[in-house]
Amino acid sequence: MSDTPPSAPPPVEDLGDGVWSLTVPIPGNPLGFTYVYVLTGSEGPVLVDTGWDHDESWEALVRGLKQTGHEVEQVRGAVLTHFHPDHSGLVARLRAASDAWIAMHPADIAVLERLNASPVPDRLDAITGQLRRSGFPEEDVRALRETPGLLSTPAVPDLPLADGERVDLPGRDLRAVWTPGHSPGHLCLHLADGRRLFTGDHVLPGITPHVGQFPLLSEDGDPLGDFLTSQAGIARLPDADRLVCLPSHEGRFTGLAERTRRITTHHEERLDEMAALLARGPATLWEIASGLPWKRPWERMSVRSRHMAASETAAHLRLMEERGLAERTGREGTPRWTVRPA
Ligand SMILES: [Zn+2]
Ligand SMILES: [Zn+2]
């Protein structure tokens, strides 16, 4: 169904039809790299994503572009699949080196505007307040506060790109497909004239994309519900199973509909596991998250991974609330969840 993800992908690959992939490293991160795609049009290349903000990453981007026959100054624009820093981190450097427009879905632009407007100490207090109310032990709270680079925030794009809109890439037909869930404004990009789909972090061939509730205890929105709707939505693209999928991590694949089904099944199974846990009696977010099986045992996770795992657990709990399967009590202090009596 899917190609095996390459362990060491080539730094630059010509994928044909004026599409190139560049491997931009994420130093110190187990994901390893972000694929930045270069699409050539009649008036300068457009990038899909930019990569992590680091000297090494920037050098890889500039060097890779050169191998496609372009200088960084010639870049016409960059369309970001979403606001996460492994995708949008190099926006400020790209802007400084070119006249490129930077496009992103309005929902993710709003996230970055909100983050940029809020002083780092306030954000840190808000996060640690949520951790405490979720039942996290004080040593985890302290460790998270001391995590370096926790709250670095990328620059804000200047061009909103909504669902169905065409990307400003003369000579090509590249369209935005809004796929909220992994982030509120996540976009896949459909290259209608080349039978390709840039899937960002929405559909990856091996990893199940992270879907989290932020802030942890928020009762706004239902990111996992959105994500599952977006999985079904992307699989309904007219030529879904003939598309070559170009994700931001791992490696390219085909068989989009089957992959979305597997991702959906994973979450449905997770919801069943959580229902079994909740049936044992009221539990805090920390108790539920630490009681679930994870790829790496809870005790061996970094506090940052535990925070991500808790946000993922919270997203599942929100969906269970929406479906009438779980109930939250104790909103004033430390909330607890139980199965909802039928
Ligand atoms: Zn992401
Ligand atoms: Zn990513």
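With which residues is L189 in contact, once its neighbours within four places in sequence are left aside? In this predicted model, L189 is in contact with V48, V79, V167, L174, A176 and F198. L189 belongs to the largest nonpolar core, a set of 57 residues in which Y37, A78, V79, V167 and L189 have the most contacts. Strand β3, which covers residues 33–39, supplies the largest share of this core, namely six residues. Apart from this core lies another, of 23 residues, among them F136, A283, A309 and L317. In soluble globular proteins, nonpolar side chains tend to be buried together.

At the level of the whole chain, the secondary structure comes to ten helices and 13 strands. The radius of gyration is 20 Å, close to the 20 Å that the globule rule gives for 342 residues, so the protein is as compact as a globular protein of that length. The C-alpha trace spans about 60 × 45 × 35 Å along its principal axes, and 43% of the 342 residues count as buried. Among the contacts with a separation of 6 or more, 66% are accounted for by residues 24 or more positions apart.

Strand β9, residues 187–191, takes part in an open sheet of four strands, which has the order β8-β9-β10-β11 and mixed pairing. The edges of the sheet are occupied by β8 (174–178) and β11 (244–247), and each of these has a single partner strand, so one side of each is left without a neighbour in the sheet. From one strand to the next the twist averages 25°.

The pairings can be followed across the sheet in order. Strands β8 and β9 run antiparallel and are joined by five bridges, with L174 having L191 of β9 as its bridge partner. L174 is also one of the residues in contact with L189. The pairing of β9 with β10 is likewise described as antiparallel and extends over three bridges, and here H190 has its bridge partner in L197 of β10. These two strands form a hairpin with four residues between them, and in the turn R195 has a positive phi of about 50°. Between β10 and β11, by contrast, the strands run parallel and are joined by four bridges, with L246 of β11 as the bridge partner of F198. The connection from β10 to β11 passes through helix α7 (residues 223–235), and this β-α-β crossover is right-handed.

Strand β10, residues 196–200, is mostly covered, since five of its five residues are buried. The burial applies to both faces of β10, with R196, F198 and G200 on one side and L197 and T199 on the other. F198, on the first of these sides, is among the residues in contact with L189.

Several loops contain backbone conformations that merit separate description. Most residues other than glycine have a negative phi, and most peptide bonds are trans. In the loop between β10 and α7, where P215 is found, the peptide bond from F214 to P215 is cis, with omega near -15°. D17, although it is not a glycine, has a positive phi of about 55°, and its place is in the loop between β1 (12–14) and β2 (19–25). E250, also a residue other than glycine, has a phi near 65° and lies in the loop between β11 and α8 (256–278). The surroundings of these two residues can be set side by side: D17 is partly exposed, with 13 other C-beta atoms within 10 Å, whereas E250 is buried, with 20 other C-beta atoms within 10 Å. The count for E250 meets the cut-off for burial, because a residue is buried if 20 or more other C-beta atoms lie within 10 Å of its own.

A further loop, between α1 (55–67) and β5 (77–79), contains Q74. Q74 counts as partly exposed, with 14 C-beta neighbours inside 10 Å. When residues up to four places away in sequence are not counted, Q74 touches G44 and P45. For the pair formed by Q74 and G44, the separation in sequence is 30 residues, while the C-alpha atoms are 6.0 Å apart in space.

Notes: Residues are numbered from 1 along each chain as its sequence is written. Chains are lettered from A and ligands numbered from 1 in the order in which they are written. This is a predicted model: local features need pLDDT of at least 70, side-chain atom pairs count only at pLDDT 80 or more; totals for chains, interfaces and linings use all residues. Two strands pair if DSSP finds at least two bridges between them. Axes are lines fitted to C-alpha atoms, for helices over the stretch in contact, and angles run from 0 to 180 degrees between N-to-C directions. The radius of gyration is taken over C-alpha atoms; the globule rule is 2.2 Å times the number of residues to the power 0.38. A residue is buried if 20 or more other C-beta atoms lie within 10 Å of its own, exposed if 12 or fewer, and partly exposed in between; C-beta atoms are placed from the backbone. Two residues are in contact if their C-beta atoms, placed from the backbone, lie within 7 Å. A nonpolar core is a set of buried Ala, Val, Leu, Ile, Met, Phe, Trp, Tyr and Cys residues joined through C-beta atoms within 7 Å. A crossover is right-handed if, with the strands pointing away from the viewer, the path from the first strand over the helix to the second runs clockwise.
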